[in-house]
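Hi,

Here is the structure I promised to pass on. Have a look at it first, and then read my notes underneath.

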Amino acid sequence: MTDVTATYYFRPRADTTPEAAAQALVEEETTGTWTDITTTTEYVRRLDGEVLSVEHSGKGYVTRVRYPAEIFEAGNIPQYLSVVAGNLFGLARLEAVRLLDVDFPDELVPFRGPKFGMEGVRRLIGTTDRPHVGTIIKPKVGLTPKDTAEVAYHAAVGGVDLIKDDETLTDQRFCPMDERLQAVMARLDDAKSETGRQVLYAVNISARADEIVERAEHAIDLGANMVMIDVITCGFTALQALGEAPSVKVPIHVHRTMHGAITRNPEHGIAMRPIARIVRMLGGDQLHTGTVSGKMSHDVSELKGDNAALTEAYFGLKPTFPVASGGLHPGKVATELKNLGMNIVLQAGGGIHGHPDGTEAGARAMRQAVDAFMAGVSAEEYAKDHYELAKALVTWGNR
């Protein structure tokens with residue numbers, strides 16, 4: 001492949017044929033405009049896009065289009081998006097349009113990708129094929145640094161592999177990042193001395209793009225062993241800056257807050273697939289992609305494809321670790337693993353901290369649910385001699 005191929009779902013306006021609508025889309029994103037113009041010369045024509053196919057799908061159509069690689073500035077993700085996901089969303093000939101996927105040629109993927117990737121994160125934790133269990137500090141905002149650290153400690157002793165800030169917690173007065181980070185890492189050291197297990201803490205460094213590398217460096221100087229970025233709100237180039245900075249020598253956990261405004265509508269916007277590809281290219285070591293049974297809306301087949309985009313061979317880049325989060329608890333673990341496989345981080349907030357016996361018991365229950373699945377035993381059967389899991393199933397059920 002030498003050019004860019006993008007796939008869109010669309011519904012044309014009633015007075016526009018599917019073929020004309022697809023042609024309007026590709027012209028808008030390459031050399032065309034709404035009328036004939038005198039400034040289009042013959043040498044410009046080499047940059048015309050091409051409609052490769054138009055097929056009926058559901059209430060609309062799916063089209064594959066080709067964009068000449070020469071239109072793209074290699075390595076410039078904002079410019080890539082201005083072509084494959086630009087003005088087309090406002091075209092009057094389209095009632096709805098959604099970018100489903102995009103394929104790039106080698107010359108347009110000059111990125112280094114994740115520094116650690118899925119296997120690198122596994123090496124830090126010391127696992128091979130076991131799903132990882134993570135938690136989010138809850139409540140998402142409001143705790144003091146000391147109380148945040150206590151929550152982290154109990155989660156770590158209970159058996160989680162990853163603890164993260166939530167997307168809205170950064171450096172507020174009630175819980176300053178420096179104080180919080182140092183307190184958490186000290187308590188994780190205590191947990192490690194007791195259990196022998198390494199636990200990662202993804203401190204949220206989301207900030208202005210021109211400050212984010214400096215904030216990451218500062219966090220690492222204070223002992224951070226992972227950093228987290230809200231990639232949609234911070235911008236893709238903020239992630240790129242972190243991924244390319246030699247000084248950022250810890251994994252990068254990528255949260256996708258605000259993605260639903262872009263991805264949720266099945267007929268309009270941008271699917272998660274292109275976002276997943278970009279995050280992997282730019283250096284995200286972990287990325288939230290969603291659950292099949294949690295509180296957020298997802299299409300299971302789409303989700304499996306999104307995770308595959310993170311983990312399958314792709315331009316020699318290391319795989320990114322998919323993260324399932326949003327409404328998980330021990331009773332949902334089997335459904336997640338049956339559908340998503342072992343290469344997944346099961347991220348539970350309320351499903352750990354809401355356990356009747358507290359955070360430590362909640363973390364144990366999540367690990368027990370994973371152990372049960374890996375042993376080929378139902379959660380109900382395993383709960384007969386694992387009381388933390390038993391209480392979790394009584395509290396939330398098994399689905």
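**What I found**

Ile163 stands opposite Tyr201 in β7. That is a good place to start, keeping in mind that this is a predicted model. The two strands around that spot are β6 (residues 162-164) and β7 (residues 200-204), which pair in the parallel sense over three bridges.

Now zoom out from that pair. Eight strands close into a barrel, and if you follow them round, the order is β5-β6-β7-β8-β9-β11-β12-β13, with parallel pairing. From one strand to the next, the twist averages 25°.

On to the helices. Take α8 (residues 236-244): this helix lies across β8 (226-230) and β9 (252-255), and runs at about 170° to β9.

The helix I spent most time on is α4, which covers residues 145-158. From the first C-alpha to the last, its 14 residues reach 20 Å, close to the 20 Å expected at 1.5 Å a residue.

So much for its length; is α4 mostly covered or mostly open? Mostly covered: ten of its 14 residues are buried. Among them are Pro145, Thr148, Tyr153 and several alanines, including Ala149 and Ala152. Val151, Val157 and Gly158 are buried too.

What do those buried residues of α4 pack against? On the strand side, they meet β5 (132-136) and β6. The helices they pack against are α5 (177-195), α13 (350-353) and α14 (359-374).

Finally, look just past the end of α4: Gly159 follows, with a positive phi near 120°.

Cheers

Note on methods. Residues numbered from 1 in each chain as written. Predicted model: local features only at pLDDT ≥ 70, side-chain atom pairs only at ≥ 80, totals over all residues. Heavy atoms only, no water. Pairing = 2+ DSSP bridges. Helix = DSSP H or I, 4+ residues; strand = E, 2+ residues; numbered from the N terminus. Axes fitted to C-alpha atoms, helices over the stretch in contact; angles between N-to-C directions. Contact = heavy atoms within 4.5 Å. Expected span 1.5 Å × (residues − 1). Buried < 20%, exposed > 50% of the residue type's maximum accessible area, 1.4 Å probe, protein only.
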